[in-house]
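Biologist: Got a minute to go through this one with me? I'd like to start with the pockets.

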Amino acid sequence: MKAKNILWQETVKPVVVLLLICLISGLVLAAVNSVTAPIIAANEEAQAQATYSALLPEADHFSELSTTVDGVTNVLKADNGAGYIVVAAARGYKGDVVATVAFDNDGSILDLSMTAADETVGIGTKVTEEDFTGQFSGMPAENFAYGDVDAVSNATYSSKAAVEAITLAIQAYQEVRGN
């Protein structure tokens, strides 16, 4: 009888307790996720809409278009004809560098916003700053080339990823425009 009691106390009981703790923790995490997931999604959508409105303020509303360009996550056309917004990503030094690019109807880049959250702070993240992004405003999409860009010093991977993301955005823009 003592052997069964020792087996229960030393082997089975800790496993059962651990399983119960894991089960309860999993249920609590699932409940928290079900409550917070819609809020997080709504906040991300609001942030995206704010970015779109900042890049193309003349637009009243956007319609989503489809593209076959890999790396492009979103192509939007302003319903009032103000232009297009394209969101594209390319692999940088540590993670994705995302470009949100606004185009006018004539094929020029109006403005853009870069996100490089995983890049090296102070070096790779400089691709998100106005000194880098400002050089693209007014640039024609048709003749865009890497050689036309002043890269960020010491941030080769991030600069190349930023230019690649913009190039993907241009390809998607040209695809939806039928060029």
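Modeller: Sure. First, what I mean by the word: a pocket is an open set of grid points with protein on both sides within 12 Å along at least five of seven lines, and lining residues have an atom within 4 Å of a point. Keep in mind that this is a predicted model.

Biologist: Fine. How many residues line the largest pocket, and which lie nearest its centre?

Modeller: The lining has 15 residues, and Glu44, Gln47, Ala48, Thr51 and Thr100 are the ones nearest the centre. The volume of the largest pocket comes out at about 390 Å³.

Biologist: Which element gives the most to that lining?

Modeller: Helix H1 (2-55), with 7 residues. S2, S4 and S5 also supply at least two residues each.

Biologist: And what's the lining like by class?

Modeller: It's a mix: 7 polar, 5 nonpolar and 3 charged residues.

Biologist: Let's switch to S4. Is it mostly covered or mostly open?

Modeller: Mostly covered, with 6 of its 8 residues buried.

Biologist: How does S4 run relative to S3, and how many bridges join them?

Modeller: They're antiparallel, joined by 8 bridges. The two strands make a hairpin with 4 residues between them. As for Thr100 from the pocket, its opposite number across that pairing is Val87.

Biologist: What about S4 and S5, how many bridges there?

Modeller: 6 bridges, again antiparallel. Val98 sits opposite Thr115 in S5. That pair is a hairpin too, with 5 residues between the strands.

Biologist: Which residue in that turn has a positive phi?

Modeller: Gly107, at about 95 degrees.

Biologist: OK, on to the packing. How many residues are in the largest nonpolar core, and which have the most contacts inside it?

Modeller: There are 33 residues in the core, and Phe103, Phe136 and Ile166 have the most contacts inside it. Strands S2 (72-78), S3 (84-91), S4 (96-103) and S5 (109-115) each give two or more residues, as does helix H3 (156-177). H3 has the largest share, at 10 residues.

Biologist: What is Phe136 in contact with, leaving aside its neighbours within four places in sequence?

Modeller: Phe136 is in contact with Ile109, Leu112, Phe144, Val149 and Ile166.

Biologist: And how many residues are in the other core, apart from that one?

Modeller: That separate core has 11 residues, including Tyr52, Leu76, Ile85 and Ala102.

Key
Residues numbered from 1 in each chain as written. Predicted model: local features only at pLDDT ≥ 70, side-chain atom pairs only at ≥ 80, totals over all residues. Heavy atoms only, no water. Core = buried A, V, L, I, M, F, W, Y, C linked by side-chain atoms within 4.5 Å. Buried < 20%, exposed > 50% of the residue type's maximum accessible area, 1.4 Å probe, protein only. Contact = heavy atoms within 4.5 Å. 1 Å grid on protein atoms, 1.4 Å probe; cavity = no way out; pocket = protein on both sides within 12 Å on 5 of 7 lines; lining within 4 Å. Points joined across faces, edges and corners; volume = space filled by probe spheres on them. Nonpolar A, V, L, I, M, F, W, Y, C, P; charged D, E, K, R; others polar. Pairing = 2+ DSSP bridges.
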